2 protein chains.
Amino acid sequence: MPAFAEHRRSPPVLKQIRPGMEASRNAVRKLEGRCREAGVKMTDLRRVMLHGILAAGAGATAIGIWKTLGLMTDGHPPSLGSIQRNLNLLVARDILCRDVAPDRLWHYSIAPERRGRLAVTFVEAGTGRKIRCRMPEVAALLRRVAAEHGLAVQAAAITVTSGTGR
Amino acid sequence: MPAFAEHRRSPPVLKQIRPGMEASRNAVRKLEGRCREAGVKMTDLRRVMLHGILAAGAGATAIGIWKTLGLMTDGHPPSLGSIQRNLNLLVARDILCRDVAPDRLWHYSIAPERRGRLAVTFVEAGTGRKIRCRMPEVAALLRRVAAEHGLAVQAAAITVTSGTGR
DNA sequence: ATAATTGCAAATCGTTTGCCCGCAT
DNA sequence: ATGCGGGCAAACGATTTGCAATTAT
């Protein structure tokens, strides 16, 4: 048995981080929502990462976030590798954005929220009549599957026929 | 004796590179002048690097320049480490400029030439009378020593007294 | 049972640095 | 004799990736 047994996948400390947690609770909740919309399942690690990202501030580096989490978790931050992996995921899913500074490191920030609703339009086959609807569920799903292919939906036109479909 | 003896400091091949060398001869000459002005002694390696930098084109990476030199020297490019070192030198002396692209690599280009002559002004102590002169030698020296400290001279005012100085 | 997620450690890759040798001053 | 310039290889640091163990579905 190794000197430091007691290995768990997510040490309990990740479930309750202390300093300044209250301050960003709302922001984290909002980000959790965006994650869900983008098809990113929420896990203990990811939730704690969201806290760390907010606490570290806009433009923080991966290691900066990692160190911040080190403070917030009494010296038991998540693995740096896992952080990097999830940062990449969040960037791919448009939750975060990142760019290079003159120091040649990635700098992460919360991506500006997708502005404007997605216009989903029904186009009646034959007549060509257009029916625009507000369908947040459909929009979210389209965005998610598009994001999984690294794409961003701009608009959607669904061709339909009246009646029960043949 | 190692399998590949015949080591020299600068393989003779560096002294005569072939493809497209004519094209950039003038440009290289100009750059050599800027190097001299900046206090960068010209060496075989540096001269061949200037050819490579020009051949590789603006925005090339260090490794791109190195590979380009590999082609220009029949597979015997200068050491990559030396190239990096001299690129740093040329950047510090304002011959080259570099910035980071989204790929997080340095991209090198010829720095825009220092426009406008440096205004060196003599200010007569006591009277405050100003005498502006064109003194390219002084300007070059000032720029060089400033560059050695990572600075760029904008103007120079030399306080003087008339006569033989006391 | 199968797929997803994490920690850990090794691999990557451009860049930097230390050391030694050769040539010039 | 001194010192600068260059080759070479090791060091570095952020990021990526492979693997095995654990958890969720």
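1. Helices (H or I, at least four residues) and strands (E, at least two) are taken here as DSSP runs, numbered from the N terminus. Being three residues apart in helix α2 of chain A, Arg47(A) and Asp44(A) are separated by about one helical turn. An α-helix has 3.6 residues a turn, so residues three or four places apart point the same way.

2. The model is a predicted one, in which local features need pLDDT of at least 70 and side-chain atom pairs count only at pLDDT 80 or more, whereas totals for chains, interfaces and linings use all residues. Residues are numbered from 1 along each chain as its sequence is written, chains are lettered from A in the order in which they are written, and side-chain values use heavy atoms, with hydrogens and water left out.

3. Chain A holds five helices and five strands, which follow the pattern α-α-α-α-β-β-β-β-α-β along the sequence. Of its 166 residues, 31% count as buried, where buried means under 20% relative accessible area, exposed over 50%, and partly exposed in between (1.4 Å probe, protein chains only). Taking contact to mean heavy atoms within 4.5 Å, 55% of the contacts in chain A between residues at least 6 apart in sequence join residues at least 24 apart.

4. Chain B superposes on chain A by a rotation of 179 degrees with 0.1 Å of shift along the axis, at an RMSD of 0.2 Å, the fit being by least squares on the C-alpha atoms of residues with pLDDT of at least 70 in both copies. The two copies are thus related as by a two-fold rotation axis, and in chain B the C-alpha nearest that axis belongs to Arg104(B), 2.4 Å away from it.

5. The contact between the chains takes five residues from chain B and five residues from chain A. Because 100% of the interface residues of chain B are also interface residues in chain A, the copies meet through the same surface. About 530 Å² is buried between the chains, 65% of it on carbon and sulfur atoms, buried area being the accessible area (1.4 Å probe) that two parts lose on being put together, summed over both. In chain B, Val100(B), Arg104(B) and Trp106(B) lose the most area to chain A, together 83% of what that side buries.

6. A salt bridge is counted when a side-chain nitrogen of Lys or Arg lies within 4 Å of a carboxyl oxygen of Asp or Glu. There are zero between chain B and chain A, while the whole structure has six over all chains. In chain A, Arg47(A) pairs in this way with Glu32(A), the closest N and O atoms being 3.3 Å apart; Arg47(A) lies in helix α2 (residues 44-56) and Glu32(A) in helix α1 (residues 25-37), so the pair ties together parts that are 15 residues apart in sequence. Arg47(A) also bridges to Asp44(A), at 3.8 Å between the closest N and O atoms, and Glu32(A), Asp44(A) and Arg47(A) are linked in a network of salt bridges.

7. In helix α3 (residues 62-72) of chain B, the residues Ala62(B), Ile65(B), Thr68(B), Leu69(B), Gly70(B) and Met72(B) are buried. The buried residues of α3(B) pack against α2 (44-56), α4 (80-92) and β2 (106-110) of chain B.

8. Ala156(B), placed in strand β5 (residues 155-160) of chain B, is buried at a relative accessible area of 11%. Not counting residues up to four places away in sequence, Ala156(B) touches Ala119(B), Val120(B), Thr121(B) and Leu142(B).
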